[in-house]
Amino acid sequence: MTMFAPTEALPLAPSPFQARVLKYRRKANIFNGGGRGSGKTVSLILDVIDHVNTLGPIASVLILRESWAGLSEISTKMLAMARIAFGPTVSLNKGSGVMSLPNGGNVYFRNVLDDTSFASAQGRTYTMIGADEFGNFPAPAVSFTIRLFSNLRPPKGIRPHIHITANPFGRAHTYCIKNFINKSE
């Protein structure tokens, strides 16, 4: 059984902030930047769960973090929340970094710190890519992540989806401002 700190409760519904973020999930890609503790990662997890629920066996989601420790944290939390949504048959193979859902959807967890980790994610087809804590990615990880967007190739009629979270003042802060904040409405 997955254990969390006593102060951390798994949400059964999005907070008002998360609901505002998630209202865009079917219309636009999401860049969710802001201060720590606002629920950005939970918004990403809720977006992934909705995406997998909607697309079923077509869903192939790639979740990226810079480090293995960060991947372990988000995969454990996503597993617990997916079990709330889909039941106890959701499984996570931490060795291969694959979460399998009972409706046939899959979520892949990868870090993108170097050529080897990039190669493990390259070459697959994804319907959604989520980059968590992107604002702290070093320059090579930013480059690898952007290159992986070319793997968003869902079947015709299904919009590929990107959801990025970032805290301010990390290593990719300037990149996020130039490429996401300054280009938004």
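In this predicted model, helix 2 passes helix 3 in a right-handed crossing. The two helices belong to a chain whose secondary structure comes to six helices and seven strands, and the seven strands form an open sheet with mixed pairing. The points below take the helix pair, then the sheet, and then the chain as a whole.

**Helix 2 against helix 3**

- Helix 2 covers residues 40–55 and helix 3 covers residues 68–86, and the two pack at an angle of about 45° with their axes 10 Å apart.
- Because angles from 65 to 115 degrees count as roughly perpendicular and those under 35 as roughly parallel, the angle between this pair makes helix 2 oblique to helix 3.
- On the side of helix 2, the contact is made by Thr41, Val42, Leu44, Ile45, Leu46, Val48, Ile49, Val52 and Asn53.
- Helix 3 contributes Ile74, Lys77, Met78, Met81, Ala82, Ala85 and Phe86 to this contact.
- Sorted by class, the residues in the contact of helix 2 with helix 3 are 13 nonpolar, two polar and one charged.

**The sheet**

- The seven strands of the open sheet are arranged in the order 1-7-6-2-5-4-3, and their pairing is mixed.
- Strand 1 (30–33) and strand 3 (91–93) are the edge strands, each of which pairs on one side only.
- From one strand to the next, the twist averages 15°.
- Strand 2 (residues 60–65) and strand 6 (residues 128–131) run parallel and are joined by four bridges.
- Leu64 stands opposite Ala131, a residue of strand 6.

**The chain as a whole**

- Followed along the sequence, the helices and strands of the chain give the pattern α-β-α-β-α-β-β-β-α-β-α-β-α.
- The radius of gyration of the chain is 15 Å, which is close to the 16 Å that the globule rule gives for 185 residues, so the chain is as compact as a globular protein of that length.
- The C-alpha trace of the chain spans about 40 × 40 × 35 Å along its principal axes.

Notes: Residues numbered from 1 in each chain as written. Predicted model: local features only at pLDDT ≥ 70, side-chain atom pairs only at ≥ 80, totals over all residues. Heavy atoms only, no water. Axes fitted to C-alpha atoms, helices over the stretch in contact; angles between N-to-C directions. Parallel < 35°, antiparallel > 145°, perpendicular 65-115°, else oblique. Left-handed = near helix turned anticlockwise from the far one by under 90°. Contact = heavy atoms within 4.5 Å. Nonpolar A, V, L, I, M, F, W, Y, C, P; charged D, E, K, R; others polar. Pairing = 2+ DSSP bridges. Rg over C-alpha atoms; globule rule 2.2 N^0.38 Å.
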